[in-house]
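Here is a set of short exercises to work through with the structure open beside you. Try each task before reading its solution.

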Amino acid sequence: MSSWSGMLHAYWAKQHKPFDMTSTDQASLGQGLSSAEAAARLNQFGPNQIRPKRQRLVILEFLARLRNPLVLILLAASGISAVTGDATGACVIGLIVLASVTLDFFQEHRAGQAAQRLAAQVEVVATVLRDGTPCEVALSRLVPGDVVLLSAGRLVPADGMALEADDFFVNQAQLTGEPYPVEKRLGSTLEAHTWDADAPNAVFMGSSVVSGSARVLILRTGPLTALGQIATSLEKQPPATAFERGTRQFGLLIMRLTFGMVLFVLLVNIALHRPLLESFLFAVALAVGLTPELLPMIVSVTLARGALRMADKKVIVKRLSAMQDMGSMDVLCTDKTGTLTEAKIRLERHIDAQSRDSAHVLELAYLNSHFESGLKSPLDDAILQHDEIDASGWNKLDEVPFDFERRRVSVLVERQGRRLLVVKGAPEDILGLCTRYEQEDGAAAPLDGAARACITALFDSLGEEGLRVLAIAWRDMPPDHPHAVVTDESALIFAGFATFLDPPKASAGEALAAMAASGVAVKIVTGDNERVTRHICMQLGLPIHGVLTGKEIAAMNDDALRARVADVNLFCRANPAQKNRILLALKARGHVVGYLGDGINDAPSMHTADIGISVDSAVDVAKQAAAMILLENDLGVLHAGILEGRRTFGNVMKYIMMATSSNFGNMFSMAAAALILPFLPMLPLQILLNNLLYDFSELPLPLDNVDEEEDLVRPRRWDMTFIRNFMLTIGPISSLFDLLTFYLLMTLLKADETLFHTGWFVESIATQVLVIFVIRTRRNPLRSHPHPWLTWLSLGVVALAMLLPFSPVASGLGFVPLPLEFFGLLAVLLAVYLSLVELGKRWFYRRYAVPAANQSADRH
């Protein structure tokens, strides 16, 4: 017994009782479960998920946000203030913390619900017998006892036993590591402790159906499956994306700065013998001001709103962080069928080795496609439209299913005692297996060098015409030959070619031009012939910079492929493993890579790419692997999604730039003022209120407009050096200006401690909030129009800050009414400050380039 099955055996022997197939279950095998019984079992066994999502109560989700260390410190400080007699301060601190947490929770919770609704639109389903009728059921709602109908391209949704199987081959590499398909046949009933990957009738969650069909009884679901126990599933946490890595790096930068700043301020205040509690509260409030606690909410809401806009453009986002990766993508790898072409394939000709029309070639091709049990391709559908062929006299005996290494499929058929192996596949591979060829009279002649050269020249000429070509071959088999195996595919007789036309898609040329103009290089990665693909690209106006074939890729090591991959935009006759190597080579050169696919063989590449993209009509395996689903297989739809991703990225970056410039500048100023002033520059309570009002003003950022000529013309990516340089450019302007404000408050207004706190609070809010209109655009701020909500909310927050000193709650907040001359001074200070920031911004963008996705990669 293998180590895998040994592990599984030990686990089941110790912990679980088998699912009993009662007489009721036996009776229901033909009809399936009733809806009522399925609902009861779902309640008993739980959802069919390896890691079931815990549905927490909304109140528990809210309370979980109070675990933030800074929030806990503030609540503790509020309690200490109450104990020491400052009841007003304690209440205000508590209210501010509650308002901030509520604001964050409400926005993020609503965004999360919107994302879940979108993902549910493209959830993978299984065909299940319920109440005697086949119906589509979400995988998560399958239960033990369900009878599932499986066919090529489907995922095995849970562990079970095959009740019926017809040339049923599955890929269970997810469990065993074995890449080749395994045939499953009927066997004896599975016992509870004898499950084995090699059991002829056992199927396991995580496997995919390569060919054939089966009726399967589900026995174990969710975490009780083999996949759930050995923790090697498609559901495991994927590697961090470029966006997730960027936010983590930004968080670490903020944490370091915050820790250093707070420790410095606390030590200075202790050294100056200031009250310990007040110094502690000031340091904690400063940490709150330095921490961009609104970032998770801004990111979540921005991504969710972007996903909703993408849904309107017929792109469903399954993983929200893929929105940012889409905005950073600078290379798109895609097949041509259905993307560059209409995927409305028709059989143009069926010809023999001398290029004459041949009814025999059509008959052989029809028999192969008719009896093939795997996932039928559009080429098969085009062949089967010729229903004048009568296959009723033939019986299928066996099949060697298609795989992407052999690139062919064989069926063993019989009629009136004659057994025939019919092979259909890639011409290069089929010709290598042939030793003879059919002549016009049906006789077989030796396939010598001259004949092989003529057939190869015919194949090349068909490709030059843009025709896709399949080779058809056959051989007689002994009457007692029971099964078809791969070794039977030898000494074949070449019958001829079936040629197909797949016209280019009318919208593809325009979409390709738009991609190029947007800085996205499109690379065609196909299993098709080079000449056919060149012909399509020429018709669409896509220039070919370089070509690599699968044979050439196989001869290269990874370093050589990495060196060539940038100069090539056409990869032909590539198998799935080679496609994966191409993507890894592009990523190694610093590119953000998207992969568009819809077949069984595309799932590994979609896992490897930064953004896996599929279509709604794709097989289950591809849809499960994808981060985004196109409701239309159209590059134009994908291009619209790319622009939406860039719009989302731009709005997140606005908050980042704010948090690392003016916000940090103000906090640095407070830390510096603690050294030179005989009192704290602002009370802890006022810092918290300042931070709350500032966060409130930034809420409309996810709705904000972006500058199309700046934010949408090229890919963007996270660059911590760029962010740090922006902070070091704009932050000092803010800090120097704050110190000037301190000087004017002390000299011109002769401010005492309370008046200083009030004036600095109002000035700080005004500069922090209004600078968003300068930082949000790289253009002249007067020519870039923000969203109306951002404008009115920002102005409203500034107005509220100006009115607070004159309100009934002023004394409780430590404010006093401001003299009229202060507002004249404030107007001048604001005009000077915003002008200085605008000059600093222009200098920065002239000096430092905006980080594009291919800044460290190859230029296309």
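**Exercise 1. A helix residue and its exposure**

Task: Classify Ala827 as buried, partly exposed or exposed from its relative accessibility, and find how far Ala827 is from Glu763 in sequence and in space.

Solution. Please keep in mind throughout that this is a predicted model.
- Step 1: The relative accessibility of Ala827 is 47%. Partly exposed covers the range between 20% and 50%, so Ala827 counts as partly exposed.
- Step 2: Place the residue. Ala827 belongs to helix H33, which spans residues 820-847.
- Step 3: Look at the partner. Glu763 and Ala827 are separated by 64 residues in sequence, while their C-alpha atoms are 9.7 Å apart in space.

**Exercise 2. The chain as a whole**

Task: Describe the protein chain through its secondary structure, its burial, its contacts and its exposed area.

Solution.
- Step 1: Count the elements. The protein chain has 33 helices and 23 strands.
- Step 2: Turn to burial. The chain has 860 residues, and 56% of them count as buried.
- Step 3: Consider the contacts. Taking contacts between residues at least 6 apart in sequence, 74% join residues at least 24 apart.
- Step 4: Finish with the surface. About 35,400 Å² is exposed by the protein chain, with carbon and sulfur atoms supplying 58% of that area.

**Exercise 3. The partners of strand S17**

Task: Work out which strands pair with S17, in which sense, and explain why S17 is described as largely enclosed.

Solution.
- Step 1: Start with S10 (346-351). S10 and S17 run antiparallel and are joined by five bridges; Ile351 has Phe497 of S17 as its bridge partner.
- Step 2: Move to S14, residues 434-438, which pairs with S17 in the parallel sense over three bridges. Here Arg436 is matched with Ile493 in S17.
- Step 3: Add S16, residues 468-477, which runs antiparallel to S17 with seven bridges between them. Ala473 finds its bridge partner in Phe494 of S17.
- Step 4: Check burial. S17 covers residues 492-501, and nine of its 10 residues are buried, so the strand is largely enclosed by the rest of the structure.

**Exercise 4. The partners of strand S4**

Task: Find the strands that pair with S4 and give one bridge for each pairing.

Solution.
- Step 1: S4 (residues 159-171) pairs with S7 (residues 208-220) in the antiparallel sense over 10 bridges. One of the bridges links Ala162 to Val216 in S7.
- Step 2: S6, residues 202-203, also runs antiparallel to S4, and two bridges join them. Gly160 has Val203 of S6 as its bridge partner.
- Step 3: S5, residues 182-184, pairs with S4 in the antiparallel sense over three bridges. In this pairing, Val182 of S5 stands opposite Val170.

**Exercise 5. The surroundings of Gln686**

Task: Decide whether Gln686 is buried or exposed, and list what surrounds it.

Solution.
- Step 1: Gln686 is part of helix H26, residues 684-697.
- Step 2: Its relative accessibility is 1%. Buried means under 20%, so Gln686 counts as buried.
- Step 3: Leaving aside residues up to four places away in sequence, Gln686 touches His757, Phe761, Leu813, Gly814 and Phe815.
- Step 4: Take Gly814 from that list: its backbone oxygen is 3.1 Å from a polar atom of the Gln686 side chain.

**Exercise 6. Two positive phi angles**

Task: Examine phi at Ser355 and Lys750, and say where each residue sits.

Solution.
- Step 1: Recall the background: most residues other than glycine have a negative phi.
- Step 2: Ser355 has a positive phi near 70°. Ser355 sits in the loop between strand S10 and helix H13 (359-371), and with 27% relative accessibility it counts as partly exposed.
- Step 3: Lys750 has a positive phi near 50°. Lys750 sits in the loop between H28 and helix H29 (753-770), and at 65% relative accessibility it counts as exposed.

**Exercise 7. A nonpolar surface patch**

Task: Identify the residues that make the nonpolar surface patch and the helices that give two or more of them.

Solution.
- Step 1: Phe264, Leu675, Ile676, Leu736 and Leu739 make a patch of about 490 Å².
- Step 2: The elements giving two or more residues to the patch are helix H25 (662-676) and helix H28 (720-747).
- Step 3: Take Ile676, which lies in helix H25. Its relative accessibility is 59%, so Ile676 counts as exposed.

Key
Residues numbered from 1 in each chain as written. Predicted model: local features only at pLDDT ≥ 70, side-chain atom pairs only at ≥ 80, totals over all residues. Heavy atoms only, no water. Patch = residues over 30% accessible without salt bridge, like charges linked within 9 Å, V, L, I, M, F, W, Y side chains within 5 Å. Areas by Shrake-Rupley, 256 points an atom, 1.4 Å probe, with all protein chains shown as cover. Salt bridge = Lys/Arg side-chain N within 4 Å of Asp/Glu carboxyl O. Helix = DSSP H or I, 4+ residues; strand = E, 2+ residues; numbered from the N terminus. Buried < 20%, exposed > 50% of the residue type's maximum accessible area, 1.4 Å probe, protein only. Pairing = 2+ DSSP bridges. Polar contact = N/O pair within 3.5 Å; in protein donor to acceptor, adjacent residues only side chain to side chain. Contact = heavy atoms within 4.5 Å.
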